[in-house]
Amino acid sequence: AKVKMAVEKLGYNNKNDDKIVLRQNFVIGVILISKGNPFFDQVIEGMRAASTEIREYGVDVVVRTMKGYNVTDQIKMIDNIKNECDLLVINPIDHPDIIGKINEIADNGIQVITVNTDVKGSKRMCHIGNDYYKSGKTAGGMLGLISKGRGKVGIVTGSNKISGHNQRIEGFKDVILKKYNDIEIVDIVENEDDEILSYDKTSKMLEDNPDIDMLYIVAGGVYGACCAVNKYYDYRKISIVCFDNTPIVSDLMEKGIIKAVICQQPFMQGYQAIKNGFIYLVSGEKPVNDIIYMDNDIRIAENI
């Protein structure tokens with residue numbers, strides 16, 4: 001009562017505080033397609049930071065990880081964790097069965113937050129990540145400037161099962177077609193965000209198309225792709241643009257192998273996913289916007 005009197009006297013009006021009750025013993029479950037992809041190390045760091053902050057409120061975070069884009073594997077992981085958690089954070093595979101599973105658990109009262117990549121037609125509560133189409137346009141603009149609008153580009157993507165990867169390619173193509181008519185997209189290969197597969201697929205693409213002088217790496221597998229470039233090229237004769245300033249990418253930029261990298265604030269993606277889940281669990285309030293985008297951040301060797 002005294003606290004409420006002080007609140008009224010001071011005019012304090014944080015609407016969340018009055019709804020928060022300590023020691024609720026909630027669990028936020030997390031499923032990430034992160035094994036073998038160093039980008040997600042920073043996402044998980046953000047989640048751990050948020051988890052430390054909310055632990056005193058009795059909210060625990062349980063993280064499960066998987067490798068590759070196998071729909072059956074992800075469905076099994078959802079089924080295994082759904083009975084242990086009160087809210088699920090997931091970077092989902094873009095497949096009707098995954099959308100159906102998200103809708104199923106949402107109908108059973110478990111809210112879902114998609115992080116890093118989204119799926120259309122699901123009943124998820126909100127999405128936190130990058131505007132993939134815009135980041136693809138940014139990559140197209142960067143390669144257009146670097147190449148002075150002329151050359152042949154090979155695209156190395158993660159998986160066509162991930163909507164974000166497809167959106168990055170779509171944004172890239174739109175810029176190239178509209179602004180840089182003398183740039184030809186020669187080939188597109190998938191590497192499943194796996195370094196060895198990335199090396200093999202990129203090597204085959206470069207072997208089949210020796211006139212490629214630009215490489216657009218859409219997702220993970222950057223190191224493998226760059227190793228393939230070093231096998232076939234003097235790296236000074238090929239321009240590479242990729243995403244996410246991981247330690248490996250920073251090293252490759254310092255060596256002059258990668259010309260530019262577009263970052264998507266992975267730490268904040270993980271942090272915001274957990275914090276928004278926490279606010280919903282303890283107050284019942286959903287985010288004002290159902291999509292929360294992180295800013296695109298362009299890095300070159302001089303500002304990494």
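In the predicted model, the lining of the largest cavity comprises, by class, six nonpolar, seven polar and three charged residues. This cavity encloses about 130 Å³ of space and belongs to a set of three cavities of 30 Å³ or more held by the structure. Its lining is formed by 16 residues, among which Asn37, Phe40, Asn116, His165 and Asp193 lie nearest the centre of the cavity. Helix H2 (39-54) and helix H6 (163-179) are the elements that contribute two or more residues to the lining of the largest cavity.

The second largest cavity contains about 110 Å³ of space and is likewise lined by 16 residues, with Pro38, Gly220, Gly221, Val222 and Thr246 lying nearest its centre. Its lining divides into eight nonpolar, five polar and three charged residues, and at least two lining residues are supplied by each of H8 and helix H9 (247-254).

Helix H8 (residues 222-232) also takes part in a helix pair with helix H7 (residues 195-208), the axes of the two coming within 7 Å and crossing at roughly 35°. The crossing in which H7 passes H8 is right-handed. On the H7 side, the contact is made by Glu195, Ser198, Tyr199, Thr202, Ser203, Leu206 and Glu207, while H8 contributes Val222, Tyr223, Gly224, Ala225, Cys227, Ala228, Val229, Lys231 and Tyr232. The residues of this contact between H7 and H8 comprise nine nonpolar, four polar and three charged. Val222 of H8 thus appears in the contact with H7 and among the residues nearest the centre of the second largest cavity.

Key: Residues numbered from 1 in each chain as written. Predicted model: local features only at pLDDT ≥ 70, side-chain atom pairs only at ≥ 80, totals over all residues. Heavy atoms only, no water. Axes fitted to C-alpha atoms, helices over the stretch in contact; angles between N-to-C directions. Helix = DSSP H or I, 4+ residues; strand = E, 2+ residues; numbered from the N terminus. Left-handed = near helix turned anticlockwise from the far one by under 90°. Contact = heavy atoms within 4.5 Å. Nonpolar A, V, L, I, M, F, W, Y, C, P; charged D, E, K, R; others polar. 1 Å grid on protein atoms, 1.4 Å probe; cavity = no way out; pocket = protein on both sides within 12 Å on 5 of 7 lines; lining within 4 Å. Points joined across faces, edges and corners; volume = space filled by probe spheres on them.
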